[in-house]
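Please read the following report alongside the sequence and the coordinates. It moves from the overall form of one chain to its domains, its core and its contact with a partner chain.

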Amino acid sequence: MFERSTDQDVFVETTRKFLEAECPSPKLRELGRTDAGFEPDFWRQGAELGWTSLVVPEEKGGGSVSGSPVLDLTLLAWEFGVHAAPGPLSPTNLVAAALGRWGTEEQHDGPLASILAGESIGTWALFEPPPADGLGQVELQAENIEGDIVLTGTKSPVESALQADHILVTARHNGGLSHFLVPKDAAGLTITPLRGIDMTRRFASVRFDDVRVSTDAVVGEVGKGQSAMEWLIDLAVVIELAEMVGAMQWGFDTTLQWSFDRFSFGRPLASYQEIKHRFADMKTWLEASYAIADAAARALEGNADNRSVVVSAGKSYVGRRGGELLQDCVQLHGGIGVTFDHDLHLFLRRATTNIPLYGSPAQHAARVTRSLEAKGDVR
Amino acid sequence: MTEPLVSERTAEMEDVEAFGARARSWLAENMPRADPSAGGDFIRQHSDEEELTRVARCRELQRMLYDGGLAGICVPREYGGQGLTPAHQVVLNREIVGYDYPVETQIPTFTPCMAVILEFGTEEQKRLHIPAILKGEEIWMQFLSEPSGGSDVAGAQTTAIRDGEEWVMNGSKIWTTGAWWADWGLCLARTNWDVPKHRGLSVFMLRIHQPGIEVHRIEMLNGSREFCQEFITDVRIPDADRIGGVDDGWTVGTRWMYHERTVSGGSAYVTRPTGQRQGPANADWASRMIRVARQNGHLEDDRVREMIGETYADDLVGEALTSWITRKIRTAELSDQAAAIIRLYGGMNAVRHATVGFEVAGNSAVAWSPEDHGEIGMSYIIRQQACIGGGTTEMSRNVISERVLGMPREQTRDKDIPFRDVPRSAPHR
């Protein structure tokens, strides 16, 4: 587990008790059959526990637990991973962080306040359908027309788009990138649900047909949204990593226990050297994943020079090893591991969903190389 | 030599910042800058003359550090050290970045060898050897592995038989890096064949260059001749050079292994500039791959770009993992056996680097012109060394599963019977 201060302990324990009570695995299966995948009341209670406000400064209505907002958020994301918890954790926090950093006063009083209270949901629409699905590739156009801004293009997949009240859109604009906060009921917006592998997280495709917003919708400086996008990608990845490590931990612990309990040929599985060596590898991947997830969060928190390289290194590594670790857990369970009744798939689904989102391991590896080329050597 | 009293020492202990300032200015005035092209790694193609020159230089540099009050930061002052703390060593590691220093003679001299002497040596042994080590006068090697088996260290067959105030040693040790230019060996030997294997061992300090010890240099498949095998024939060792109790060598051995494992996590006895890594996964690896790929015209190939980024990512993960595990061991959240996680990661990571290098270099990895990067092919050919030397990765996996995860131990056939009766490999060589 990540290192914690006493304040963080209290925060984590409260959240853990709440999640254990509210989302045992039968409940997750039940939510799996619903459109939204979570209940609004559950999210409001989570907001009361601090789930939406960690990465928003106090003067904007938020507040971290420990003074290290990103680390606080990773602790929360880890709990989401180890419980395969429902709810728009990442999308809401990304929008809250963006509004907290770059939003106007009106945006703080309206959308942000409501997101912080758990009354409304935000999501970030960044990725676009192929062939515009490169990491950070943005083709959706924003044009200035008669003092307003008109958005045209498609974003997909967008997490919780049907449940969201506010969609933060990254668009090509004024020769660069701009971010806009678009309300869900804007004219010209078509949201089509997608099917997905996660039990409770929902994704949709969002089409913008001449969606007209006023300049009040701009978040941050027009045409200068590139670095904001990079920062938000880094935050998204840091959340993903912590959540994946949590899901990996659940799979690892459960499978290790299974290897002690399950006998074949008169011996526990745990006594076979082949099995032991597999666990040694998995333990190494797990600890390495913790280490780089923690290093990535700290690099982002401290805004280190090589922040994006460390974050991308994390996605490259955990993206490769996380999926393999959980698939190996399935393999070591044998037949029961591929049934719906066993809980393992809930965690496999959670970790796997995070692998391509906000940049695949391969895309992040390429981002590392780009950065090495640009700087000669990042050290 | 006059030594201040303990209480005065404590009161006077230099605070970390003052130490850092002193180290910075002393290094700037006295220490030569490092040659950035030097590897810090003897497993490269050097002539013997170049290597001996460098060893002599390392001794001089060590002596300079000693005279400058920067040797043996965590070694008590009565043995010539500074009597400071690991935090001071961390500061020195930071300040020494960019300077030449005795990089090649840190390990195994300072740890595990010096660490073992400090922990188990008699007062006399410590006063004799520790200052000599800190002055660069003694370079130590581990006489540990034997040709009969690498991983089963406690199965040592090199034998010492008591003869009055002396011991007579016969046998063979292997995989000692640089024994041909080193001075002393820390040697694990069997002193009793009639008890179970862990209960019949003793540890000796052995002068390497003496009659009866023949140092043979092993040629590795990449042409390196760094590793040695020693043939020990009727060598007489004074009992005063025994470390730890008779037949109690495994008590020493256990700590010896522990100190060896601390190497990867950054031992407080070892000076290593911050950010410098071991093995082929060095800081320049990715930039070098980028250069090679650019030369070959493959740098725009997505797969090549991904492989390069991935290996660099894996290096950063390795660094993060090392400090992560080291911290957890320090806080007792994990047992010190968890160092095997770092070893397993390091081995697999180095293997991956060699493979990526080989793929990126393409044809030029197997046939190259003199000005080309031929060592990439050779690194690949000797790739598995990273998973063998210092304990195989199979052993690490046993340690992790058994000692860290508590899974059942492998069956052995050597417990509770006299070592004499334990089945052994037929001798070879």
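The sections below describe a predicted model.

## Overall form of chain A

Chain A contains 11 helices and 10 strands, and its C-alpha trace spans about 80 × 50 × 40 Å along the principal axes. For 379 residues, a compact globule would be expected to have a radius of gyration near 21 Å, and the value for chain A is 21 Å, so the two agree.

Burial and contact order add to this picture. Buried residues account for 53% of the 379 residues in chain A. Where contacts in chain A link residues at least 6 apart in sequence, 75% of them join residues that are at least 24 apart.

## Domains of chain A

The domain assignment splits chain A into domain 1 (6-121), domain 2 (123-219) and domain 3 (226-375). Between domain 1 and domain 2 of chain A, the C-alpha centres are separated by 22 Å, and the contact between these two domains involves 22 residues of domain 1 and 17 residues of domain 2.

On the domain 1 side of this contact, the elements of chain A that give two or more residues are helix H2 (25-31), helix H5 (89-102) and helix H6 (105-116). The largest share, seven residues, comes from H5(A). By residue class, the side of domain 1 of chain A that touches domain 2 of chain A divides into 15 nonpolar, six polar and one charged.

## An open strand and its partner

Strand E6 (residues 189-194) of chain A has six residues, of which the number buried is zero, so the strand lies largely in the open. E6(A) is nevertheless joined by six bridges to strand E7 (residues 203-213) of chain A, and the two strands run antiparallel. Within this pairing, Pro193(A) has Ala204(A) in E7(A) as its bridge partner.

## Nonpolar cores

The largest nonpolar core has 152 residues, and the residues with the most contacts inside this core are Leu151(A), Phe180(A), Val238(A), Ile292(A), Ala296(A) and Val317(B). Helix H7 (residues 226-261) of chain A makes the greatest contribution to this core, with 16 residues. When neighbours within four places in sequence are left aside, Ala296(A) is in contact with Val238(A), Leu241(A), Val310(A), Val311(A) and Gly314(A).

A second core, separate from the one just described and made up of 69 residues, includes Tyr79(B), Leu92(B), Trp140(B) and Ile174(B).

## Chain B and its contact with chain A

In chain B, the domain assignment gives domain 1, formed by 6-104 together with 130-136, and domain 2, formed by 280-404. The C-alpha centres of these two domains of chain B lie 28 Å apart.

The contact between the chains takes 33 residues from chain B and 34 residues from chain A. On the side of chain B that touches chain A, helix H8 (285-296), helix H9 (302-330), helix H10 (339-361) and helix H12 (393-404) of chain B each supply at least two residues. Which of these helices provides the largest share of that side? The largest share comes from H9(B), with 15 residues. Taken by class, the residues on the side of chain B that touches chain A divide into 20 nonpolar, six polar and seven charged.

Methods. Residues numbered from 1 in each chain as written. Chains lettered and ligands numbered in written order. Predicted model: local features only at pLDDT ≥ 70, side-chain atom pairs only at ≥ 80, totals over all residues. Domains from an automatic or database assignment. Contact = placed C-beta atoms within 7 Å. Helix = DSSP H or I, 4+ residues; strand = E, 2+ residues; numbered from the N terminus. Nonpolar A, V, L, I, M, F, W, Y, C, P; charged D, E, K, R; others polar. Rg over C-alpha atoms; globule rule 2.2 N^0.38 Å. Buried ≥ 20, exposed ≤ 12 C-beta atoms within 10 Å, placed from the backbone. Core = buried A, V, L, I, M, F, W, Y, C linked by C-beta atoms within 7 Å. Pairing = 2+ DSSP bridges.
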